[in-house]
Amino acid sequence: MQSLSEEAVLNIPASKAWSMYRDDKLISKINPDMLSGAEYIKGDGGPGSLRVFKLGPAVHSYVKESTQKIEKVVEGQSVTYEVIAGELKDMYNFYRVTFSFLPVPGKEDEQCIAEWKSEYEPLSATTPPPEKARDAALGFLKSFEKFGC
């Protein structure tokens, strides 16, 4: 199993970033060029729930849609899911992502650390690490600041 991670400091509280990420209607409005829609198609966002992300035109050359099965939720902090359908399944045998939103110590009401972490198993030796997914995810998370102010 291989892994890749990256984090960014956001100028919004972790609680706000968390609620933005978990709300289908809100997350679809943050940056439609990157994420044009999100929908829980089964469940309420807890473990076992299925969520579909429809990616926007800015990332269509890489991924258009991703269906995710939520594996673990630490309320207010992180969500872990496995991609079960979409273009990423054409590149990776296994693809799991964790998004975390943690308060910056001493600045809890102002900033959070948003982390994206992927664990993956490429289908072939020529499949590159999911750096495009990482870059798109972090770019999208940085959009939370503009939308959340």
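**Cavities and salt bridges**

Trainee: Into which classes do the residues of the lining of the second largest cavity divide?

Mentor: Keep in mind that we're looking at a predicted model. The residues lining the second largest cavity are Tyr21, Arg22, Arg51, Gln68, Ile70, Val79 and Tyr81. Tyr counts as nonpolar, along with Ile and Val, while Arg counts as charged. Sort them that way and you get four nonpolar, one polar and two charged.

Trainee: Which elements give two or more residues to that second lining?

Mentor: Start from the list again, which includes Tyr21 and Arg22, Gln68 and Ile70, and Val79 and Tyr81. Helix H1 spans 14–22, strand S4 spans 65–74 and strand S5 spans 78–86. The elements with two or more lining residues are therefore H1, S4 and S5.

Trainee: How many cavities of 30 Å³ or more are there in the whole structure?

Mentor: One of them is the second largest cavity we just went through, with a volume of about 30 Å³. The largest cavity has a volume of about 360 Å³. A search of the whole structure puts the count at two.

Trainee: Which element supplies the largest share of the lining of the largest cavity?

Mentor: Of the 23 residues that line this cavity, the closest to its centre are Phe53, Leu55, Tyr81, Ala133 and Ala137. Strands S3 (50–55), S4, S5 and S6 (92–103) each give at least two lining residues, and so does helix H3 (131–148). The largest share is five residues, and it comes from H3.

Trainee: How many charged residues does the lining of the largest cavity have?

Mentor: Charged here takes in Asp, Glu, Lys and Arg. By class, this lining has 21 nonpolar and two polar residues, and its number of charged residues is no more than none at all: no charged residues.

Trainee: On to salt bridges. Which residues are joined into one network?

Mentor: A search of the whole structure finds six salt bridges. In one of them Arg96 pairs with Glu71, with the closest N and O atoms 2.7 Å apart, and in another Arg96 pairs with Glu119 at 3.3 Å. Salt bridges that share partners make one network out of Glu71, Arg96 and Glu119.

Trainee: Where do Arg96 and Glu119 lie, and how far apart in sequence are the parts that they tie together?

Mentor: Arg96 sits in strand S6 and Glu119 in strand S7, residues 112–122, so this pair bridges separate parts of the sequence. The Arg96 and Glu71 pair links distant parts too, with Glu71 in strand S4, 25 residues away. For Arg96 and Glu119, the separation is 23 residues.

Trainee: Is Glu71 buried, exposed or partly exposed?

Mentor: Buried means under 20% relative accessible area and exposed means over 50%. Glu71 comes out at 31%, so it falls in between. That makes Glu71 partly exposed.

Trainee: What about Glu145, buried or exposed?

Mentor: Glu145 meets Lys142 in a salt bridge, at 3.7 Å from N to O. These two are three residues apart in helix H3, so about one helical turn separates them. Lys142 is partly exposed, at 34%. Glu145 has a relative accessible area of 14%, which is under the 20% cut-off, so Glu145 is buried.

Notes. Residues are numbered from 1 along each chain as its sequence is written. This is a predicted model: local features need pLDDT of at least 70, side-chain atom pairs count only at pLDDT 80 or more; totals for chains, interfaces and linings use all residues. Side-chain values use heavy atoms; hydrogens and water are left out. On a 1 Å grid over the protein atoms alone, a cavity is a set of points where a 1.4 Å probe fits but cannot get out, and a pocket is an open set with protein on both sides within 12 Å along at least five of seven lines; lining residues have an atom within 4 Å of a point. Grid points are joined across faces, edges and corners, and a volume is the space filled by probe spheres set on the points. Helices (H or I, at least four residues) and strands (E, at least two) are DSSP runs, numbered from the N terminus. A salt bridge is a side-chain nitrogen of Lys or Arg within 4 Å of a carboxyl oxygen of Asp or Glu. Buried means under 20% relative accessible area, exposed over 50%, partly exposed in between (1.4 Å probe, protein chains only).
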